[in-house]
Amino acid sequence: MGTFQALLDRLSTAPPSTYCQAFFLLAAAPIVALQFLPQDARSALADYGARRRHGVDSSLLGRVTAAGQLPHSYFWHFYLLSVGLSAFWAWQYFVRGSVLFLVADRQASLSGERSGDPGRVVLTWFMMAAQGGRRLYECFRVVKPGRTPMWFVHWALGLGFYSFMSVSVWVEASGGILESWQAPAVAVSWTWTSTFTLVLFLAAWLKQYECHAYLASLKKYTFPDKGMFKYIVCPHYTCECVIYLAISIMAAPPGKTFNVSVLCGLGLVLANLGSTAQGTKHWYAAKFGAEKVASKWSIIPGVL
């Protein structure tokens, strides 16, 4: 009882950024743990879309995951939520809204961090909105709609990720946000780092669209082998990781290289997409032959 009370006391004095970081890390932990389970159990819990086993799975895990299946096409819910929350927090900033004030004031008072650059926060909002907006567009105009299922847990995890990420991109600059409300204007403090980071983001953003468009142009279950797919099984996942790495750098508070909250979100992205990329590689090997993917990295060249 004492330990539980101590945990509650600690949470009551934790800044909002701690809650964001905790969600990402706690969500990533079971995904990493899945990699140590037998293949059948891992597939039942993690596979979705085309990789999900067809037919009736009579195992206990198969019966559990069969209950609560949603269409894989529901991914568009994630991006609608992301765009909506980006717009909401940006609107709260420009109208000096009470919701943002409550979160920012708590963060500023409990974290003891130096004030962030509100101009870069606004730019980060646009980066998140651009990513969510492009992915939402792709769901309806680029990606071929399918009827393959996903477990509702994947859907809920995606909604949670974009909800916490929408706060993570600005919460560590809360002091600067509050201070900027007393200033007449907001401008981005351009440095070589911010310029390079924006270029990196745009390059990954465009390349990911190119990858998705290429996959959508293929006939169903055709092996992709053009462009970045010559070297990486899932380069669109690689681009996703680079996008969040760039956002983490752009949203970094003064004196820090990264925004830790966004970086924890990147950890969840890497755990989830890394696992999915490995599963895709195995699926390609089984369907098209191991030699097709033997020389390819799953997601991060030189690492995974």
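The following questions and answers concern a predicted model.

Me: How many salt bridges does a search of the whole structure find?
Reply: One salt bridge joins E138 and R134, and another joins E138 and R135. A further salt bridge is formed by the side chains of E210 and K207. For the whole structure, the search gives a total of 3.

Me: Which residues are linked with E138 in a network of salt bridges?
Reply: The closest N and O atoms of E138 and R134 are 2.7 Å apart. Between E138 and R135 the N to O distance is 2.5 Å. E138 takes part in both contacts, and the residues linked with E138 in the network are R134 and R135.

Me: Why are E138 and R134 separated by about one helical turn?
Reply: Both residues belong to helix α7, which covers residues 118-141. E138 and R135 also lie in this helix, 3 residues apart. For E138 and R134, the separation is about one helical turn because their spacing in the helix is 4 residues.

Me: Is E138 buried or exposed?
Reply: A residue is classed as buried when its relative accessible area is under 20%. R135, a salt-bridge partner of E138, counts as buried at 11%, and R134 is buried as well. The relative accessible area of E138 is 0%, so E138 is buried.

Me: Is K207 buried or partly exposed?
Reply: K207 meets E210 in a salt bridge with an N to O distance of 3.0 Å. The two residues are 3 residues apart in helix α10 (residues 192-217), about one helical turn. E210 has a relative accessible area of 44% and is partly exposed. With 27% relative accessibility, K207 is classed as partly exposed.

Me: How many disulfides does a search of the whole structure find?
Reply: A disulfide requires two cysteine sulfur atoms within 2.5 Å. For C239, the closest cysteine sulfur belongs to C211 at 4.9 Å, which is too far for a bond. For C241, the closest cysteine sulfur is that of C239 at 9.3 Å, again too far for a bond. The number of disulfides found in the whole structure is 0.

Me: What is the relative accessibility of C241?
Reply: C239 is buried, with a relative accessible area of 5%. C241 also counts as buried, and its relative accessibility is 10%.

Me: How far apart are the end C-alpha atoms of helix α12?
Reply: Helix α12 holds 29 residues, from 260 to 288. At 1.5 Å a residue, the expected span is 42 Å. The value from the model agrees with this expectation, the end C-alpha atoms being separated by 40 Å.

Me: Which residue, with a positive phi, follows α12?
Reply: At the start of α12, a side-chain oxygen of N259 comes to within 3.0 Å of the backbone nitrogen of S261. After the helix comes a residue with a positive phi, near 110°. That residue is G289.

Me: What percentage of residues 74-91 is helix?
Reply: The unreviewed UniProt entry places the feature "transmembrane region" at several spans, including residues 18-37 and 74-91. Residues 18-37 are 85% helix and 0% strand, with end C-alpha atoms 30 Å apart. Over residues 74-91 the end C-alpha atoms are 26 Å apart, strand accounts for 0%, and the helix content is 89%.

Me: How many aromatic pairs are counted?
Reply: Aromatic rings count as a pair if their centres lie within 6.5 Å. By this rule the count is 24.

Me: Why is the pair of F78 and Y162 stacked?
Reply: The ring centres of F78 and Y162 are 6.2 Å apart. The pair links distant parts of the chain, 84 residues apart, with F78 in helix α5 (residues 76-94) and Y162 in helix α8 (residues 152-171). Both F78 and Y162 are buried. Planes under 30 degrees apart count as stacked, and the pair is stacked because its planes lie at 25°.

Me: What is the angle between the ring planes of F161 and Y162?
Reply: F161 and Y162 are both buried, and both belong to one aromatic cluster that also includes F78 and Y244. Their ring centres are 4.9 Å apart. The pair is edge-to-face, with the planes at 85°.

Me: Which residue's backbone nitrogen does the side chain of Q107 reach?
Reply: Q107 is located in helix α6, residues 98-111. Q107 is buried, its relative accessible area being 1%. At 3.0 Å, the side chain of Q107 reaches the backbone nitrogen of S17.

Terms used
Residues are numbered from 1 along each chain as its sequence is written. This is a predicted model: local features need pLDDT of at least 70, side-chain atom pairs count only at pLDDT 80 or more; totals for chains, interfaces and linings use all residues. Side-chain values use heavy atoms; hydrogens and water are left out. The expected span of a helix is 1.5 Å times one less than its number of residues. A polar contact is a pair of N or O atoms within 3.5 Å; within protein, one must be able to donate a hydrogen and the other to accept it, and residues adjacent in sequence count only if both atoms are side-chain atoms. A salt bridge is a side-chain nitrogen of Lys or Arg within 4 Å of a carboxyl oxygen of Asp or Glu. Buried means under 20% relative accessible area, exposed over 50%, partly exposed in between (1.4 Å probe, protein chains only). UniProt positions are given in the numbering used here, feature names are shortened, and annotations may be inferred rather than shown by experiment. Rings of Phe, Tyr and Trp (its six-membered ring) pair if their centres lie within 6.5 Å; planes under 30 degrees apart count as stacked, over 60 as edge-to-face and the rest as tilted.
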